Amino acid sequence: MIWNPNKECMSRDEMHALQSKRLQKLVTYVYHNVPFYRNKMQEMDLSPEDIRSIDDIVKLPFTTKQDLRDNYPYGLQAAPPSEIVRVHASSGTTGNPTIVGYTRKDLAVWSEVMARCLTAYGVTRDDTFSVAYGYGLFTGGLGAHYGVENLGATVIPTSTGNTEKHIRLIRDLKISGIACTPSYALYLAETLNKMGLTKEDIGLRIGAFGAEPWTENMRKEIEERLGLKGYNIYGLSEIMGPGVSYECQEQNGSHINEDHFYPEIINPETLEQLPYGTQGELVFTTLTKEGMPVLRYRTKDLCTLYNDPCPCGRTSVKMGRIMGRSDDMLIIRGINVFPSQVESVILTMKEFEPQYMLVVDRVKNLDTLQVQVEVRKDFFSDDMGRMLAMKKALADKLKSVLSISADVKLMEPGSIERSQGKGKHVIDNRKLV
Amino acid sequence: MTIKQLSVFLENKTGRINEVTKILGKHGINMHAFSMAESTDFGILRLIVSEVDKAVEVLRSESFAVMLTDVVCISCPNVAGSLSAILETLAEKEIFIEYMYAFAEGDKANVVIRPNDLEKCVQVLKECSCSINSKF
(Lines give C-alpha, C1' and ligand atoms only; values in the text may rest on other atoms or scores of the structure.)
Protein backbone atom coordinates (compact mmCIF):
# COMPACT_ATOMS: atom_id res chain seq x y z
CA MET A 1 0.00 0.00 0.00
CA ILE A 2 1.10 3.55 -0.70
CA TRP A 3 -0.14 6.41 1.51
CA ASN A 4 0.32 9.26 -0.95
CA PRO A 5 0.89 7.96 -4.51
CA ASN A 6 0.75 11.52 -5.90
CA LYS A 7 3.99 12.35 -4.13
CA GLU A 8 5.59 8.96 -3.56
CA CYS A 9 5.19 7.83 -7.17
CA MET A 10 5.68 11.18 -8.91
CA SER A 11 7.66 11.11 -12.16
CA ARG A 12 11.27 12.23 -11.80
CA ASP A 13 10.58 15.30 -13.95
CA GLU A 14 7.62 16.36 -11.83
CA MET A 15 9.67 15.81 -8.68
CA HIS A 16 12.48 17.94 -10.12
CA ALA A 17 10.04 20.73 -10.88
CA LEU A 18 8.42 20.51 -7.42
CA GLN A 19 11.78 20.51 -5.65
CA SER A 20 12.97 23.45 -7.76
CA LYS A 21 9.89 25.49 -6.92
CA ARG A 22 10.14 24.64 -3.21
CA LEU A 23 13.85 25.40 -3.03
CA GLN A 24 13.37 28.85 -4.56
CA LYS A 25 10.64 29.59 -2.06
CA LEU A 26 12.73 28.25 0.85
CA VAL A 27 15.80 30.32 -0.05
CA THR A 28 13.74 33.50 -0.30
CA TYR A 29 12.10 32.66 3.04
CA VAL A 30 15.33 32.06 4.97
CA TYR A 31 17.08 35.01 3.29
CA HIS A 32 14.45 37.34 4.69
CA ASN A 33 13.90 35.68 8.05
CA VAL A 34 17.20 34.19 9.23
CA PRO A 35 20.12 36.65 9.53
CA PHE A 36 22.56 33.74 9.72
CA TYR A 37 21.66 32.58 6.19
CA ARG A 38 21.35 36.11 4.81
CA ASN A 39 24.85 36.94 6.04
CA LYS A 40 26.28 33.72 4.67
CA MET A 41 24.68 34.28 1.27
CA GLN A 42 25.80 37.90 1.14
CA GLU A 43 29.35 36.81 1.92
CA MET A 44 29.09 34.44 -1.04
CA ASP A 45 27.61 37.21 -3.16
CA LEU A 46 24.49 35.13 -3.61
CA SER A 47 20.90 36.37 -3.77
CA PRO A 48 17.68 34.32 -3.73
CA GLU A 49 17.21 35.07 -7.46
CA ASP A 50 20.35 33.07 -8.23
CA ILE A 51 18.50 29.89 -7.25
CA ARG A 52 16.42 28.92 -10.27
CA SER A 53 16.24 25.16 -9.95
CA ILE A 54 17.08 22.41 -7.50
CA ASP A 55 20.37 21.94 -9.37
CA ASP A 56 21.46 25.36 -8.07
CA ILE A 57 21.49 23.92 -4.55
CA VAL A 58 25.27 23.42 -4.88
CA LYS A 59 25.66 27.20 -4.75
CA LEU A 60 24.13 27.37 -1.27
CA PRO A 61 26.08 27.35 1.99
CA PHE A 62 26.19 24.31 4.26
CA THR A 63 24.81 24.17 7.80
CA THR A 64 26.55 22.19 10.53
CA LYS A 65 25.64 21.04 14.02
CA GLN A 66 28.09 23.69 15.28
CA ASP A 67 26.06 26.40 13.51
CA LEU A 68 22.97 25.15 15.33
CA ARG A 69 24.80 25.31 18.65
CA ASP A 70 26.30 28.72 17.96
CA ASN A 71 22.82 30.06 17.28
CA TYR A 72 21.31 28.56 20.43
CA PRO A 73 18.49 28.71 21.23
CA TYR A 74 16.38 30.33 18.51
CA GLY A 75 18.91 31.97 16.18
CA LEU A 76 18.06 29.78 13.18
CA GLN A 77 14.33 29.89 13.71
CA ALA A 78 12.61 31.46 10.71
CA ALA A 79 9.01 31.56 11.93
CA PRO A 80 7.86 34.12 14.53
CA PRO A 81 7.51 32.70 18.07
CA SER A 82 3.71 32.96 17.87
CA GLU A 83 3.72 30.41 15.02
CA ILE A 84 5.79 27.83 16.93
CA VAL A 85 3.59 25.19 18.56
CA ARG A 86 6.19 22.67 19.71
CA VAL A 87 9.90 22.48 20.51
CA HIS A 88 12.13 19.42 20.59
CA ALA A 89 15.75 19.33 21.73
CA SER A 90 18.63 16.96 21.23
CA SER A 91 21.54 16.49 23.59
CA GLY A 92 24.34 19.03 23.34
CA THR A 93 28.04 18.27 23.44
CA THR A 94 29.24 21.30 25.34
CA GLY A 95 26.14 22.24 27.23
CA ASN A 96 24.03 23.72 24.45
CA PRO A 97 21.38 21.33 23.18
CA THR A 98 20.03 21.71 19.67
CA ILE A 99 16.62 23.37 19.78
CA VAL A 100 14.14 22.75 16.97
CA GLY A 101 10.81 24.59 16.81
CA TYR A 102 7.88 23.32 14.76
CA THR A 103 4.93 25.25 13.35
CA ARG A 104 1.51 23.69 13.02
CA LYS A 105 2.25 23.02 9.35
CA ASP A 106 5.59 21.39 10.21
CA LEU A 107 3.78 18.96 12.52
CA ALA A 108 1.27 18.21 9.75
CA VAL A 109 4.11 17.44 7.32
CA TRP A 110 5.77 15.27 9.96
CA SER A 111 2.68 13.14 10.56
CA GLU A 112 2.18 12.95 6.76
CA VAL A 113 5.68 11.57 6.15
CA MET A 114 5.35 9.22 9.14
CA ALA A 115 2.07 7.90 7.72
CA ARG A 116 3.86 7.21 4.43
CA CYS A 117 6.51 5.19 6.32
CA LEU A 118 4.00 3.19 8.33
CA THR A 119 1.88 2.44 5.24
CA ALA A 120 4.98 1.21 3.41
CA TYR A 121 5.63 -1.20 6.31
CA GLY A 122 2.09 -2.52 5.91
CA VAL A 123 0.40 -0.78 8.86
CA THR A 124 -3.33 -0.12 8.33
CA ARG A 125 -6.22 1.40 10.31
CA ASP A 126 -6.90 -2.07 11.73
CA ASP A 127 -3.53 -2.28 13.45
CA THR A 128 -2.70 -1.53 17.07
CA PHE A 129 0.74 0.02 17.18
CA SER A 130 3.10 0.47 20.11
CA VAL A 131 5.49 3.42 20.08
CA ALA A 132 8.41 2.40 22.27
CA TYR A 133 10.70 5.30 21.52
CA GLY A 134 11.22 7.75 24.36
CA TYR A 135 8.51 10.41 24.62
CA GLY A 136 9.77 13.85 25.51
CA LEU A 137 12.39 16.20 24.12
CA PHE A 138 13.61 13.35 21.89
CA THR A 139 11.71 13.38 18.57
CA GLY A 140 11.26 9.58 18.35
CA GLY A 141 8.23 9.10 20.59
CA LEU A 142 5.95 11.96 19.61
CA GLY A 143 7.05 11.87 15.96
CA ALA A 144 6.01 8.25 15.50
CA HIS A 145 2.95 8.76 17.70
CA TYR A 146 1.27 11.38 15.52
CA GLY A 147 2.10 9.38 12.39
CA VAL A 148 0.19 6.39 13.73
CA GLU A 149 -2.77 8.61 14.66
CA ASN A 150 -2.73 10.32 11.27
CA LEU A 151 -2.84 6.95 9.55
CA GLY A 152 -5.78 5.95 11.72
CA ALA A 153 -4.33 2.93 13.49
CA THR A 154 -4.56 2.69 17.28
CA VAL A 155 -1.48 4.06 18.98
CA ILE A 156 -0.22 2.70 22.31
CA PRO A 157 2.22 5.28 23.71
CA THR A 158 4.36 2.78 25.59
CA SER A 159 7.56 4.88 25.61
CA THR A 160 10.55 3.17 27.22
CA GLY A 161 10.89 1.24 30.48
CA ASN A 162 8.97 -1.66 32.05
CA THR A 163 9.51 -4.29 29.38
CA GLU A 164 7.46 -7.06 31.02
CA LYS A 165 4.41 -4.83 31.21
CA HIS A 166 5.00 -3.91 27.58
CA ILE A 167 4.99 -7.58 26.57
CA ARG A 168 1.76 -8.20 28.49
CA LEU A 169 0.20 -5.28 26.60
CA ILE A 170 1.48 -6.61 23.27
CA ARG A 171 -0.20 -9.94 24.06
CA ASP A 172 -3.41 -8.68 25.67
CA LEU A 173 -4.11 -5.68 23.38
CA LYS A 174 -3.12 -7.70 20.29
CA ILE A 175 -0.51 -5.14 19.34
CA SER A 176 0.60 -5.88 15.77
CA GLY A 177 3.25 -3.23 15.17
CA ILE A 178 6.03 -1.64 17.16
CA ALA A 179 8.48 1.25 16.72
CA CYS A 180 11.69 1.08 18.78
CA THR A 181 15.45 0.83 18.48
CA PRO A 182 16.68 -2.48 17.02
CA SER A 183 18.63 -3.23 20.20
CA TYR A 184 15.47 -2.75 22.26
CA ALA A 185 13.66 -5.16 19.93
CA LEU A 186 16.26 -7.81 20.77
CA TYR A 187 15.92 -7.05 24.46
CA LEU A 188 12.17 -7.44 24.08
CA ALA A 189 12.71 -10.89 22.54
CA GLU A 190 14.92 -11.89 25.44
CA THR A 191 12.42 -10.70 28.02
CA LEU A 192 9.67 -12.55 26.18
CA ASN A 193 11.58 -15.81 26.58
CA LYS A 194 12.40 -15.05 30.21
CA MET A 195 8.68 -14.71 30.88
CA GLY A 196 8.21 -18.21 29.50
CA LEU A 197 6.50 -16.93 26.33
CA THR A 198 7.32 -17.41 22.66
CA LYS A 199 6.66 -15.38 19.53
CA GLU A 200 3.59 -17.57 19.00
CA ASP A 201 2.03 -16.05 22.12
CA ILE A 202 2.13 -12.54 20.67
CA GLY A 203 0.94 -11.22 17.35
CA LEU A 204 3.59 -8.71 16.32
CA ARG A 205 3.96 -8.57 12.54
CA ILE A 206 5.62 -5.21 11.82
CA GLY A 207 8.63 -3.50 13.37
CA ALA A 208 9.84 0.04 12.57
CA PHE A 209 13.42 0.16 13.75
CA GLY A 210 15.75 3.14 13.82
CA ALA A 211 17.58 5.78 15.88
CA GLU A 212 20.77 3.70 15.79
CA PRO A 213 22.76 1.86 13.13
CA TRP A 214 21.89 -1.81 12.64
CA THR A 215 22.78 -4.62 10.30
CA GLU A 216 21.17 -7.27 8.10
CA ASN A 217 22.17 -9.89 10.67
CA MET A 218 20.36 -8.00 13.40
CA ARG A 219 17.31 -7.76 11.15
CA LYS A 220 17.32 -11.53 10.61
CA GLU A 221 17.68 -12.18 14.32
CA ILE A 222 14.90 -9.76 15.34
CA GLU A 223 12.56 -11.10 12.64
CA GLU A 224 13.22 -14.68 13.69
CA ARG A 225 12.86 -14.09 17.42
CA LEU A 226 9.82 -11.80 17.38
CA GLY A 227 8.09 -13.30 14.34
CA LEU A 228 7.72 -10.00 12.51
CA LYS A 229 9.12 -8.15 9.50
CA GLY A 230 11.52 -5.38 10.45
CA TYR A 231 11.89 -2.16 8.49
CA ASN A 232 14.37 0.67 8.75
CA ILE A 233 13.21 4.14 9.64
CA TYR A 234 15.62 7.05 9.42
CA GLY A 235 15.44 10.57 10.69
CA LEU A 236 17.19 13.22 12.68
CA SER A 237 15.82 15.97 14.85
CA GLU A 238 17.67 18.74 13.00
CA ILE A 239 15.70 17.87 9.86
CA MET A 240 12.39 16.72 11.39
CA GLY A 241 12.70 13.54 13.46
CA PRO A 242 11.78 10.00 12.38
CA GLY A 243 10.21 9.81 8.93
CA VAL A 244 12.90 11.36 6.76
CA SER A 245 13.25 8.03 4.96
CA TYR A 246 11.74 4.55 5.19
CA GLU A 247 12.05 1.07 3.76
CA CYS A 248 9.32 -0.49 1.65
CA GLN A 249 8.36 -4.18 1.41
CA GLU A 250 11.55 -4.76 -0.61
CA GLN A 251 13.63 -4.10 2.55
CA ASN A 252 16.37 -2.84 0.28
CA GLY A 253 17.26 0.79 0.92
CA SER A 254 15.16 3.57 2.43
CA HIS A 255 12.94 5.83 0.29
CA ILE A 256 13.55 9.48 1.07
CA ASN A 257 10.57 11.78 1.41
CA GLU A 258 12.35 14.02 -1.04
CA ASP A 259 9.46 16.36 -1.72
CA HIS A 260 10.19 17.60 1.83
CA PHE A 261 13.81 16.63 2.49
CA TYR A 262 16.22 17.05 -0.41
CA PRO A 263 19.17 14.66 -0.14
CA GLU A 264 22.70 15.10 -1.44
CA ILE A 265 25.89 13.10 -0.98
CA ILE A 266 29.08 15.11 -0.64
CA ASN A 267 32.74 14.40 -0.23
CA PRO A 268 33.27 15.41 3.42
CA GLU A 269 36.77 16.71 2.64
CA THR A 270 36.22 18.73 -0.53
CA LEU A 271 32.46 19.35 0.09
CA GLU A 272 31.85 18.54 -3.59
CA GLN A 273 28.51 16.98 -4.51
CA LEU A 274 28.90 13.33 -5.52
CA PRO A 275 26.81 11.35 -8.05
CA TYR A 276 24.29 8.61 -7.17
CA GLY A 277 25.94 5.33 -6.27
CA THR A 278 28.94 6.93 -4.56
CA GLN A 279 29.43 6.77 -0.81
CA GLY A 280 29.89 10.05 1.02
CA GLU A 281 28.35 12.29 3.66
CA LEU A 282 24.59 12.67 3.60
CA VAL A 283 23.27 16.24 3.41
CA PHE A 284 19.64 17.36 3.71
CA THR A 285 17.77 20.55 2.86
CA THR A 286 14.33 20.94 4.41
CA LEU A 287 12.29 22.05 1.39
CA THR A 288 9.05 22.86 3.21
CA LYS A 289 9.98 23.49 6.83
CA GLU A 290 8.70 26.72 8.42
CA GLY A 291 9.89 26.62 12.04
CA MET A 292 13.57 25.92 11.66
CA PRO A 293 14.43 25.28 8.02
CA VAL A 294 18.00 24.28 7.24
CA LEU A 295 20.00 24.59 4.04
CA ARG A 296 22.32 21.70 3.21
CA TYR A 297 22.58 20.30 6.73
CA ARG A 298 25.61 18.03 7.08
CA THR A 299 24.38 14.91 8.89
CA LYS A 300 27.93 13.43 9.15
CA ASP A 301 26.29 10.08 8.34
CA LEU A 302 28.12 8.21 5.59
CA CYS A 303 25.97 6.42 3.04
CA THR A 304 25.08 6.09 -0.64
CA LEU A 305 22.05 7.35 -2.60
CA TYR A 306 20.43 5.27 -5.34
CA ASN A 307 17.95 6.32 -8.00
CA ASP A 308 17.22 2.98 -9.67
CA PRO A 309 13.52 2.19 -10.02
CA CYS A 310 12.08 0.25 -7.05
CA PRO A 311 9.72 -2.70 -7.67
CA CYS A 312 7.35 -1.21 -5.05
CA GLY A 313 6.35 1.54 -7.47
CA ARG A 314 7.74 4.46 -5.49
CA THR A 315 9.94 6.71 -7.58
CA SER A 316 11.85 8.45 -4.80
CA VAL A 317 15.58 8.29 -4.32
CA LYS A 318 16.70 5.65 -1.81
CA MET A 319 19.53 5.74 0.69
CA GLY A 320 21.57 2.71 1.68
CA ARG A 321 22.48 1.75 5.21
CA ILE A 322 24.49 4.22 7.28
CA MET A 323 28.04 2.90 6.96
CA GLY A 324 29.63 5.13 9.58
CA ARG A 325 30.23 8.73 10.54
CA SER A 326 32.49 11.41 9.17
CA ASP A 327 32.97 12.65 12.74
CA ASP A 328 33.57 10.80 16.00
CA MET A 329 29.95 10.66 17.16
CA LEU A 330 28.84 7.39 18.72
CA ILE A 331 25.26 6.20 18.93
CA ILE A 332 24.78 4.34 22.19
CA ARG A 333 21.34 2.98 23.05
CA GLY A 334 19.94 5.42 20.51
CA ILE A 335 21.60 8.44 22.15
CA ASN A 336 24.25 10.52 20.37
CA VAL A 337 27.48 10.62 22.32
CA PHE A 338 30.58 12.60 21.41
CA PRO A 339 33.93 11.84 23.07
CA SER A 340 34.29 15.61 23.51
CA GLN A 341 31.30 15.56 25.91
CA VAL A 342 33.13 13.11 28.13
CA GLU A 343 36.28 15.17 27.83
CA SER A 344 34.52 18.37 28.88
CA VAL A 345 33.23 16.64 32.04
CA ILE A 346 36.62 15.17 32.93
CA LEU A 347 38.29 18.55 32.48
CA THR A 348 36.03 20.05 35.15
CA MET A 349 37.25 17.52 37.72
CA LYS A 350 40.74 18.11 39.06
CA GLU A 351 40.91 14.55 40.43
CA PHE A 352 41.51 13.16 36.95
CA GLU A 353 44.16 13.40 34.26
CA PRO A 354 42.84 14.70 30.92
CA GLN A 355 43.41 11.20 29.47
CA TYR A 356 40.40 9.02 28.86
CA MET A 357 39.10 6.14 26.79
CA LEU A 358 35.53 5.23 25.88
CA VAL A 359 34.96 1.50 25.53
CA VAL A 360 31.67 0.67 23.83
CA ASP A 361 30.33 -2.85 23.69
CA ARG A 362 27.08 -4.69 23.18
CA VAL A 363 26.27 -7.11 25.99
CA LYS A 364 23.11 -9.20 25.64
CA ASN A 365 21.99 -6.87 22.84
CA LEU A 366 22.28 -3.72 24.91
CA ASP A 367 24.96 -1.14 24.35
CA THR A 368 27.32 -0.51 27.23
CA LEU A 369 29.66 2.42 27.73
CA GLN A 370 32.71 2.31 29.95
CA VAL A 371 34.70 5.47 30.58
CA GLN A 372 38.27 4.84 31.67
CA VAL A 373 40.02 7.73 33.43
CA GLU A 374 43.35 8.12 35.14
CA VAL A 375 43.36 9.23 38.76
CA ARG A 376 45.81 12.12 39.36
CA LYS A 377 48.64 11.10 41.68
CA ASP A 378 47.86 13.88 44.16
CA PHE A 379 44.27 12.76 44.49
CA PHE A 380 44.91 9.13 45.15
CA SER A 381 43.78 8.21 48.65
CA ASP A 382 44.27 5.18 50.86
CA ASP A 383 40.62 5.60 51.80
CA MET A 384 38.43 3.33 49.66
CA GLY A 385 35.33 5.37 50.50
CA ARG A 386 36.89 8.52 49.10
CA MET A 387 38.03 6.73 45.94
CA LEU A 388 34.56 5.31 45.34
CA ALA A 389 33.01 8.75 45.94
CA MET A 390 35.34 10.21 43.30
CA LYS A 391 34.22 7.52 40.88
CA LYS A 392 30.56 8.12 41.63
CA ALA A 393 30.90 11.89 41.25
CA LEU A 394 32.23 11.42 37.72
CA ALA A 395 29.56 8.82 36.86
CA ASP A 396 26.81 11.21 38.05
CA LYS A 397 28.17 14.14 36.02
CA LEU A 398 28.52 11.96 32.92
CA LYS A 399 24.96 10.76 33.29
CA SER A 400 23.59 14.29 33.43
CA VAL A 401 25.59 15.42 30.38
CA LEU A 402 25.25 12.29 28.21
CA SER A 403 21.70 11.26 29.23
CA ILE A 404 22.90 7.67 29.48
CA SER A 405 24.74 6.00 32.30
CA ALA A 406 28.38 5.11 31.91
CA ASP A 407 30.46 2.70 33.93
CA VAL A 408 33.49 4.63 35.21
CA LYS A 409 36.73 2.70 35.54
CA LEU A 410 39.52 4.32 37.56
CA MET A 411 42.93 3.69 36.01
CA GLU A 412 46.50 4.16 37.17
CA PRO A 413 48.20 7.36 36.05
CA GLY A 414 49.96 6.85 32.74
CA SER A 415 48.13 3.63 31.91
CA ILE A 416 45.95 4.94 29.08
CA GLU A 417 47.77 4.86 25.80
CA ARG A 418 49.06 8.26 24.64
CA SER A 419 49.11 8.84 20.96
CA GLN A 420 51.07 11.24 18.86
CA GLY A 421 48.83 13.68 17.04
CA LYS A 422 45.08 13.11 17.20
CA GLY A 423 44.19 11.21 20.34
CA LYS A 424 42.38 7.91 20.10
CA HIS A 425 39.52 8.03 22.56
CA VAL A 426 37.16 5.27 21.48
CA ILE A 427 37.26 1.50 21.37
CA ASP A 428 34.03 0.24 19.84
CA ASN A 429 33.73 -3.52 20.28
CA ARG A 430 30.20 -3.75 18.90
CA LYS A 431 29.92 -6.04 15.92
CA LEU A 432 27.82 -4.17 13.40
CA VAL A 433 28.90 -5.94 10.24
CA MET B 1 54.34 6.86 68.21
CA THR B 2 52.89 6.52 64.75
CA ILE B 3 54.39 4.97 61.64
CA LYS B 4 54.10 5.74 57.96
CA GLN B 5 52.05 3.42 55.85
CA LEU B 6 52.61 3.36 52.11
CA SER B 7 49.51 3.04 49.87
CA VAL B 8 49.65 2.20 46.17
CA PHE B 9 46.81 2.55 43.67
CA LEU B 10 46.47 -0.51 41.45
CA GLU B 11 44.24 -1.45 38.55
CA ASN B 12 42.70 -4.89 38.82
CA LYS B 13 45.07 -6.54 36.42
CA THR B 14 46.84 -9.88 36.64
CA GLY B 15 50.43 -9.46 37.80
CA ARG B 16 50.05 -5.86 38.91
CA ILE B 17 50.80 -6.52 42.61
CA ASN B 18 53.95 -8.33 41.57
CA GLU B 19 55.10 -5.21 39.72
CA VAL B 20 55.19 -3.46 43.09
CA THR B 21 56.84 -6.28 45.03
CA LYS B 22 59.40 -6.68 42.24
CA ILE B 23 60.41 -3.01 42.37
CA LEU B 24 60.63 -3.05 46.16
CA GLY B 25 62.66 -6.26 46.09
CA LYS B 26 65.04 -4.88 43.48
CA HIS B 27 65.80 -1.93 45.74
CA GLY B 28 66.25 -4.05 48.85
CA ILE B 29 63.13 -2.70 50.54
CA ASN B 30 61.53 -5.22 52.86
CA MET B 31 57.78 -5.51 53.39
CA HIS B 32 56.74 -6.03 57.00
CA ALA B 33 53.02 -6.14 56.48
CA PHE B 34 50.48 -5.42 53.79
CA SER B 35 46.79 -5.59 53.02
CA MET B 36 44.75 -5.13 49.90
CA ALA B 37 41.42 -3.25 49.70
CA GLU B 38 39.64 -3.99 46.47
CA SER B 39 36.66 -2.73 44.46
CA THR B 40 35.43 -4.04 41.12
CA ASP B 41 37.98 -2.21 38.99
CA PHE B 42 40.83 -1.10 41.24
CA GLY B 43 42.57 -1.87 44.50
CA ILE B 44 44.49 -0.03 47.19
CA LEU B 45 47.59 -1.84 48.37
CA ARG B 46 48.61 -0.75 51.89
CA LEU B 47 52.13 -1.57 53.03
CA ILE B 48 54.45 -1.18 55.97
CA VAL B 49 57.99 -1.27 54.57
CA SER B 50 61.54 -1.03 55.85
CA GLU B 51 62.54 2.20 54.04
CA VAL B 52 59.39 4.15 53.37
CA ASP B 53 60.90 7.27 51.76
CA LYS B 54 62.98 5.21 49.37
CA ALA B 55 59.90 3.10 48.54
CA VAL B 56 57.94 6.24 47.64
CA GLU B 57 60.76 7.48 45.44
CA VAL B 58 61.26 4.26 43.49
CA LEU B 59 57.55 3.59 43.00
CA ARG B 60 56.89 7.18 41.86
CA SER B 61 59.71 6.91 39.38
CA GLU B 62 57.86 3.92 37.91
CA SER B 63 54.68 6.07 37.62
CA PHE B 64 52.75 4.52 40.48
CA ALA B 65 50.29 6.70 42.38
CA VAL B 66 51.41 6.39 46.00
CA MET B 67 50.72 8.18 49.24
CA LEU B 68 51.74 8.02 52.88
CA THR B 69 49.34 7.77 55.78
CA ASP B 70 50.08 7.87 59.51
CA VAL B 71 48.89 4.73 61.23
CA VAL B 72 49.26 3.25 64.71
CA CYS B 73 50.92 -0.10 65.12
CA ILE B 74 50.41 -2.02 68.34
CA SER B 75 51.54 -5.34 69.68
CA CYS B 76 49.38 -7.53 71.81
CA PRO B 77 49.75 -11.06 73.21
CA ASN B 78 48.82 -13.79 70.77
CA VAL B 79 46.05 -15.15 73.01
CA ALA B 80 42.28 -15.27 72.70
CA GLY B 81 40.55 -12.03 73.66
CA SER B 82 43.57 -9.71 73.77
CA LEU B 83 42.64 -7.68 70.70
CA SER B 84 39.03 -7.52 71.79
CA ALA B 85 40.02 -5.81 75.03
CA ILE B 86 41.90 -3.10 73.13
CA LEU B 87 39.13 -2.55 70.58
CA GLU B 88 36.58 -2.27 73.35
CA THR B 89 38.55 0.53 74.97
CA LEU B 90 38.83 2.34 71.64
CA ALA B 91 35.10 2.00 71.04
CA GLU B 92 34.30 3.29 74.52
CA LYS B 93 36.32 6.40 73.76
CA GLU B 94 34.49 6.72 70.45
CA ILE B 95 37.45 6.14 68.22
CA PHE B 96 36.32 4.99 64.80
CA ILE B 97 38.56 2.60 62.89
CA GLU B 98 38.62 3.22 59.16
CA TYR B 99 40.55 0.04 58.50
CA MET B 100 43.02 -2.30 60.15
CA TYR B 101 45.04 -5.37 59.41
CA ALA B 102 47.10 -7.70 61.55
CA PHE B 103 49.23 -10.76 61.69
CA ALA B 104 50.40 -12.99 64.50
CA GLU B 105 53.69 -14.74 64.89
CA GLY B 106 54.88 -16.74 67.91
CA ASP B 107 53.47 -15.29 71.11
CA LYS B 108 52.93 -11.79 69.71
CA ALA B 109 50.49 -10.21 67.27
CA ASN B 110 51.08 -6.94 65.39
CA VAL B 111 48.07 -4.82 64.49
CA VAL B 112 48.04 -1.81 62.14
CA ILE B 113 45.18 0.61 62.83
CA ARG B 114 44.02 3.60 60.81
CA PRO B 115 41.73 5.53 63.19
CA ASN B 116 39.69 8.63 62.36
CA ASP B 117 41.48 10.57 65.10
CA LEU B 118 45.12 9.53 65.27
CA GLU B 119 46.18 11.69 68.21
CA LYS B 120 43.32 10.66 70.40
CA CYS B 121 43.82 7.01 69.49
CA VAL B 122 47.48 7.11 70.55
CA GLN B 123 46.47 8.86 73.76
CA VAL B 124 43.88 6.25 74.63
CA LEU B 125 46.22 3.37 73.82
CA LYS B 126 48.90 4.88 76.03
CA GLU B 127 46.48 5.30 78.90
CA CYS B 128 45.58 1.62 78.78
CA SER B 129 49.27 0.71 78.67
CA CYS B 130 49.02 -0.86 75.29
CA SER B 131 52.34 -1.57 73.62
CA ILE B 132 52.72 0.85 70.74
CA ASN B 133 55.45 0.20 68.18
CA SER B 134 57.36 3.21 66.95
CA LYS B 135 58.72 1.08 64.18
CA PHE B 136 57.62 -2.19 62.77
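Two strands count as paired if DSSP finds at least two bridges between them. In this predicted model, strands β2(B) and β3(B) pass that mark, with seven bridges joining them. β2(B) spans residues 31-38 and β3(B) spans residues 42-49. The two strands run antiparallel and make a hairpin, with three residues between them. Within this pairing, Ala37(B) has Ile44(B) of β3(B) standing opposite.

The hairpin belongs to a chain with more than one part. The domain assignment of chain B gives domain 1, residues 3-69, and domain 2, residues 71-133. Taken over C-alpha atoms, the centres of these two domains of chain B are 23 Å apart. Seven residues of domain 1 of chain B and eight residues of domain 2 of chain B take part in the contact between them. On the domain 1 side of chain B, strands β1 (3-11) and β2 (31-38) each supply at least two of the touching residues. The largest share of that side, three residues, comes from β2(B), the strand that is also joined to β3(B). By residue class, the side of domain 1 of chain B that touches domain 2 of chain B has four nonpolar residues, three polar and no charged.

The next topic is the nonpolar cores. The largest one holds 91 residues, and Cys117(A) and Ala185(A) touch the most other members. Helix α5 of chain A, residues 104-121, gives this core its largest share, nine residues. Which residues does Cys117(A) touch, leaving aside those up to four places away in sequence? They are Gly147(A), Ala208(A), Ile233(A), Gly243(A) and Tyr246(A).

A second core, separate from the largest one, has 52 residues. Among them are Val345(A) and Leu398(A) from chain A, along with Val71(B) and Cys121(B) from chain B.

Val345(A) leads on to helix α10 of chain A, residues 339-347, where Val345(A) is one of the buried residues. The others are Pro339(A), Gln341(A), Val342(A) and Ile346(A). Why do the buried residues of α10(A) line one face of the helix? Seen down the axis of α10(A), they fall within an arc of 160°, and therefore they lie along one face. Several elements of chain A cover these buried residues, including the strands β17 (335-337), β18 (352-363), β19 (366-375) and β21 (426-428). Helix α11 (384-402) of chain A is also part of what covers the buried residues of α10(A).

Notes. Residues numbered from 1 in each chain as written. Chains lettered and ligands numbered in written order. Predicted model: local features only at pLDDT ≥ 70, side-chain atom pairs only at ≥ 80, totals over all residues. Domains from an automatic or database assignment. Contact = placed C-beta atoms within 7 Å. Helix = DSSP H or I, 4+ residues; strand = E, 2+ residues; numbered from the N terminus. Nonpolar A, V, L, I, M, F, W, Y, C, P; charged D, E, K, R; others polar. Core = buried A, V, L, I, M, F, W, Y, C linked by C-beta atoms within 7 Å. Buried ≥ 20, exposed ≤ 12 C-beta atoms within 10 Å, placed from the backbone. Arc of directions from axis to C-beta.
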